[in-house]
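Trainee: I would like a close look at one part of this model, the place where the two chains meet. Please set it in the context of the chains themselves.

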2 protein chains.
Amino acid sequence: MYKETNLRSIVKGISWRFFATATTVTIIYVFFGRLDLAVAAGVVEATTKVVIYWAHERIWQRIKFGRKRIEPFNLWFTGLPLSGKTTIADKVYEELQRLDIPLERIDSKDVREMIPNIGYTREDRIRHMKRIGHLIQTLQKNSVSTVCSFISPYRKARKIIREMVKNNIVVYVKADIETCKKRDYKGVYQKALKGEIKNFTGISDVYEEPKHAEIIIDTEKISPKEAADLIVKYVKRKYIK
Amino acid sequence: MYKETNLRSIVKGISWRFFATATTVTIIYVFFGRLDLAVAAGVVEATTKVVIYWAHERIWQRIKFGRKRIEPFNLWFTGLPLSGKTTIADKVYEELQRLDIPLERIDSKDVREMIPNIGYTREDRIRHMKRIGHLIQTLQKNSVSTVCSFISPYRKARKIIREMVKNNIVVYVKADIETCKKRDYKGVYQKALKGEIKNFTGISDVYEEPKHAEIIIDTEKISPKEAADLIVKYVKRKYIK
């Protein structure tokens with residue numbers, strides 16, 4: 001949220017004066033046919049009215065009429081480990097920040113500093129999702145939109161989020177499990193296959209494909225940049241007017 | 001955050017026209033001494049300029065100059081169990097909401113739905129504080145101010161919060177331990193004395209009085225209402241101009 005400084009009101013007054021006085025001088029000239037007096041009247045008008053304009057602006061700062069709260073949205077990226085969620089979500093976040101709307105990035109990794117992930121069983125994951133839901137709600141209450149990336153493998157958990165938040169946009173980042181394994185630069189799939197990581201989505205735990213995703217990104221077909229452009233366009237069209 | 005609707009710009013244009021045309025008509029009358037023509041020019045001016053004013057407003061919506069981000073603050077209520085933190089913090093939150101600034105209430109009880117409190121040892125409490133600190137940071141990044149109430153018995157934990165957040169205002173809600181025990185409507189002091197609750201602040205765990213509290217509320221001397229007024233006054237003077 002911003003506040004309008006005194007200086008902004010003064011500069012607006014001067015900028016407005018330029019257009020307004022030009023109009024006045026023209027009108028007087030048309031009515032009276034005397035350019036000298038028209039210009040003189042313009043000069044007197046310009047100086048008095050900058051002050052009155054400034055006062056008018058300051059009064060309007062206190063009036064709420066016609067101010068609309070920005071509607072927050074929640075972009076929810078879901079997909080297999082290493083499907084490309086974080087990469088695309090980061091790009092989308094970067095693009096959306098330029099629009100100068102209140103916006104927060106929530107990634108499964110970073111959020112753990114705030115909300116500890118207590119375990120990886122089905123119940124633990126669902127409980128964790130509810131907590132994330134509370135965080136999004138808190139932000140939305142203050143007009144902050146969110147860009148979230150979580151594997152979020154269970155339909156039930158994604159449904160909880162959808163029910164908790166406003167303007168939910170599920171982005172399913174679709175990638176073949178074999179492709180993800182090939183991208184395995186962190187070695188997590190390797191470890192999971194060896195049984196060193198338990199309940200690993202795609203290996204030892206299920207990933208339930210979304211049935212109602214607003215956007216599906218097929219990472220075999222389009223690049224992260226193209227995907228981000230597509231998502232940003234969607235958000236702009238639906239939520240930023 | 002708000003956006004300015006088209007309607008607001010139009011109504012501002014009309015409201016401005018009232019003051020501006022009155023000025024113009026007066027100036028023309030002074031210069032030319034003819035009220036009939038002055039009024040006619042005024043009528044033509046009024047109609048053209050509402051439109052130009054509207055366009056001028058819409059252009060200025062896109063200009064960032066002179067817009068200042070609102071500085072968020074963090075009110076941090078600390079004190080013994082049942083000292084009156086929550087009561088006063090609730091009143092302060094209610095008052096501050098009228099100022100129409102982005103504001104969030106964080107109470108030790110309610111926040112557990114989002115950030116689970118894993119234990120009550122010194123380390124657990126400090127870890128919990130850090131998580132709360134992350135939450136406040138996230139909100140502050142989006143210009144949201146916070147009203148927090150936590151027993152927060154350790155100097156170290158309060159120091160962590162002070163270092164993590166901007167514009168921290170510690171409010172020490174001071175009450176005698178005997179007074180708190182008398183107020184024990186929840187029966188928690190009773191249980192703690194019997195040893196049924198472990199690490200209970202004031203009984204089986206220490207409360208380290210703040211040395212650098214910005215505001216000290218002596219609940220033996222002033223009422224919650226008076227305390228709230230005093231705190232709101234402080235916040236307005238320092239952070240809301």
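**The interface and the chains behind it**

Mentor: Of the interface residues of chain B, 98% are interface residues in chain A too, so the two copies meet through the same surface. Keep in mind that this is a predicted model.

Start with the counts. Chain B puts 48 residues into the contact, and chain A puts in 47 residues. On the chain B side, several elements each supply at least two residues. They are strand E1 (2-4), helix H1 (6-32), helix H2 (35-61), strand E2 (67-69) and helix H4 (122-141). H1(B) gives the largest share of that side, with 13 residues. Sorted by class, the side of chain B that touches chain A holds 26 nonpolar residues, ten polar and twelve charged.

Now the symmetry. A turn of 180° and a shift of 0.1 Å along the axis lay chain B on chain A, with an RMSD of 0.1 Å. The two copies are thus related as by a two-fold rotation axis.

Next, the overall form of one chain. Take chain A. The secondary structure of chain A consists of eight helices and seven strands. The C-alpha atoms of chain A fill a box of roughly 95 × 35 × 30 Å along the principal axes. The radius of gyration of chain A is 27 Å, whereas a compact globule of 241 residues would have one near 18 Å. The domain assignment splits chain A into domain 1 (6-61) and domain 2 (74-239). The C-alpha centres of these two domains of chain A are 54 Å apart.

Then the sheet, with chain B as the guide. In chain B, five strands make an open sheet, in the order E4-E5-E3-E6-E7, with parallel pairing. Strand E4 (103-107) and strand E7 (215-218) of chain B are at the edges with a single partner strand each, so one side of each has no neighbour in the sheet. On average, neighbouring strands of this sheet are turned by 15° against each other, direction ignored.

Inside that sheet, look at one pair. Strand E3 (residues 74-78) of chain B runs parallel to strand E5 (residues 145-149) of chain B, and four bridges join them. B:Asn74 stands opposite B:Thr146 in E5(B).

Helix H4 brings the sheet and the contact together. H4(B) lies across E3, E4 and E5 of chain B, at about 170° to E4(B). Helix H4 (122-141) of chain B is also one of the elements that supply at least two residues to the side touching chain A.

Chain A can be read in the same order. The open sheet of chain A has five strands in the order E4-E5-E3-E6-E7, and the pairing is parallel. Strand E4 (103-107) and strand E7 (215-218) of chain A are the edge strands, each pairing on one side only. From one strand to the next, the twist averages 15°. At the E7 edge, strand E6 (residues 168-174) of chain A pairs with E7(A) in the parallel sense, over four bridges. A:Tyr172 is opposite A:Ile216 in E7(A). Helix H4 (residues 122-141) of chain A lies across strand E3 (74-78), E4 and strand E5 (145-149) of chain A, and runs at about 170° to E4(A).

Technical notes: Residues numbered from 1 in each chain as written. Chains lettered and ligands numbered in written order. Predicted model: local features only at pLDDT ≥ 70, side-chain atom pairs only at ≥ 80, totals over all residues. Contact = placed C-beta atoms within 7 Å. Nonpolar A, V, L, I, M, F, W, Y, C, P; charged D, E, K, R; others polar. Least-squares fit on C-alpha atoms with pLDDT ≥ 70 in both. Pairing = 2+ DSSP bridges. Axes fitted to C-alpha atoms, helices over the stretch in contact; angles between N-to-C directions. Domains from an automatic or database assignment. Rg over C-alpha atoms; globule rule 2.2 N^0.38 Å.
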